[in-house]
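Work through the exercises below with the sequence and the coordinates open. Each task is followed by a solution in steps.

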Amino acid sequence: MKSLWAVTLATLEKDIRLEWRSKDALNSMLFFSLLVVVIFAFAFDPLAEESRQIAGGLIWVAFLFAAVVALNQTWARELRNQVLDAYRVSPAPANALFLAKALGNFIFVSVLEALMAPLFVVFYNLHVLGPAWQLIPIAILGTWALVVNGTFFAAISLRTRSREIMLPLLLFPISIPAVLGMVAGTTAVLTGDNPAHFYIVLLLTYDVVFTTACLALFETVLHAE
Amino acid sequence: MKWLFPILSIITAILLAYALYEALVVAPTDALQGDVYRIIYYHVPSAWTAFLLFFINFVASITYLIGCKPKADILALVSAEVGVVFCTVVLVTGPIWARPVWGIWWAPGDIRLTSTLVLWLIYVSYLVLRRFSTSAQTQILAAALAVFGALDVPLVYFSIWFFRTQHPQPVIGGGGSIDPRMLHVLLLNWLAFLCFAFLVCWSRYRLEVLHREVEEAHAMESLAGGAPANASLPPDRSSR
């Protein structure tokens, strides 16, 4: 157990340091979601009441697309110099690598959300009518739901032709319940029409089920040869 | 076993023809919907067959992950392919029926419509993965994805359960009631569809076994004959 966390933290620290120096994933995600916000604002040009209805969908679609940009880069970095092959033959637990990658992506996407959320408020003149604190558990659970499966499917699509296209093709169908939970929960809080508790429970269930599945199957997928 | 195939084909053809006759002529007309309702004799059996095939895919994928038996993988592939075809039939016949009866082609918030659509999307992505994946690792990756897809189904169902559903109650095991003569025709059609699905799966299974035997023979041949045909290609696997 101790070695699992030691390896996880070491890999996570390495990934964060790499990202801090290059800022590849964050910059491309930020600019990408900024473009989505601007294009959606032009395409819909909503009134205040309408924007409360559609903002939940827009925010999460923008983050979903942006997250794919980061997720695609997760494993590509490890292919250079055969780092992934070296990891396979090392005695370090496979799940430590997975947890480190998933946590790294979680941090990157969370930073993106923290930076982009004020922009959404400005562009769409948002004014929250429901209990605003509920947006925090929705954001945390929703982001984890996206990145935990995204990290796993990025490892799968690594072994396919045209892997950058493969990831969204695999990730989006499986993520539909999570996206529905995030969008409907956010809309419920923004409009204040109905409670968001059901969606938080749904996201929590989704997270628990798929985190377990990822941890159970990652070693098999990593060593598939 | 080979003599069984033509016999089963003939039985299936007779069953399908008889079930069609029963569905279009013998079954009584619905009091409220008129003749439009007769599409359920194709819609409902297709749905049951598709769900059964997806379940077989899940069990076969788990079996493959545990034992790595190639036969389980072929069964998973075949059941997913045929299941997607039947699921497509469900998704096409549904709106054809819904338009005259509900007045709309599609009800976006409905639980059975949306979960069937998501199910279809998941298994299409499964087939896309099998098509795009490089040959050596396809089986394990696909089996892992199949497990994820199966885990997703109840979550999809409950996520949409929150909305009010518009679809008629299930005729069996639900609150709805059905004329026993209609039920008889429905089950007859299901039997015919099951025979048909089994037949298609069987021939696809044999085809896949032959396909893999041929591939293996080619690989052995190029190993025995020295230089393989694609020796000039770069050895970088990731670029394929």
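The exercises cover helix geometry, helix packing and the contact between the chains.

This is a predicted model, in which local features need pLDDT of at least 70 and side-chain atom pairs count only at pLDDT 80 or more, while totals for chains, interfaces and linings use all residues. Residues are numbered from 1 along each chain as its sequence is written, and chains are lettered from A and ligands numbered from 1 in the order in which they are written.

**Exercise 1. Helix length**

Check the end-to-end span of helix 5 of chain A against its 31 residues.

Step 1. Helices are DSSP runs (H or I, at least four residues), numbered from the N terminus. Helix 5 of chain A covers residues 94–124.

Step 2. The expected span is 1.5 Å times one less than the number of residues. For helix 5 of chain A this should be 45 Å, and the end C-alpha atoms are 43 Å apart, which agrees.

Step 3. Helix 5 of chain A has a kink of about 30 degrees at A:Met116, shortly before the proline A:Pro118. The bend at a residue is the angle between axes fitted to the seven residues ending there and the seven starting there.

Step 4. After helix 5 of chain A comes A:Asn125, with a positive phi near 50 degrees.

Repeat the check for helix 3 of chain B, residues 70–102.

Solution. Its 33 residues should span 48 Å, and the distance between the end C-alpha atoms is 46 Å, in agreement. B:Gly103 follows helix 3 of chain B and has a positive phi, near 90 degrees.

**Exercise 2. Two partners of helix 5**

Classify how helix 5 of chain A crosses helix 6 of chain A and helix 8 of chain A.

Step 1. Axes are lines fitted to C-alpha atoms, for helices over the stretch in contact, and angles run from 0 to 180 degrees between N-to-C directions. Angles under 35 degrees count as roughly parallel, over 145 as roughly antiparallel, 65 to 115 as roughly perpendicular and the rest as oblique.

Step 2. The axes of helix 5 and helix 6 (residues 135–157) of chain A come within 9 Å and cross at roughly 135 degrees; the pair is therefore oblique.

Step 3. For helix 5 and helix 8 of chain A, the axes come within 9 Å and cross at roughly 110 degrees, so these two are roughly perpendicular.

Step 4. Helix 5 of chain A contacts helix 8 of chain A through A:Ala94, A:Asn95 and A:Phe98, which meet A:Cys214, A:Leu215, A:Phe218, A:Glu219 and A:Leu222. Contact requires C-beta atoms, placed from the backbone, within 7 Å.

**Exercise 3. Across the chains**

Which residue class prevails on the side of chain A that touches chain B?

Step 1. The contact takes 27 residues from chain A and 28 residues from chain B. Helix 8 of chain A (197–222) gives the most to the chain A side, with ten residues.

Step 2. Ala, Val, Leu, Ile, Met, Phe, Trp, Tyr, Cys and Pro count as nonpolar, Asp, Glu, Lys and Arg as charged, and the others, Gly among them, as polar. The chain A side has 19 nonpolar, five polar and three charged residues, so nonpolar residues prevail.

Determine how helix 7 of chain A runs relative to helix 4 of chain B.

Solution. The axes of helix 7 of chain A and helix 4 (residues 111–132) of chain B come within 9 Å and cross at roughly 155 degrees; the two helices are therefore roughly antiparallel. Their contact has twelve nonpolar, one polar and no charged residues.

Definitions and conventions. Contact = placed C-beta atoms within 7 Å.
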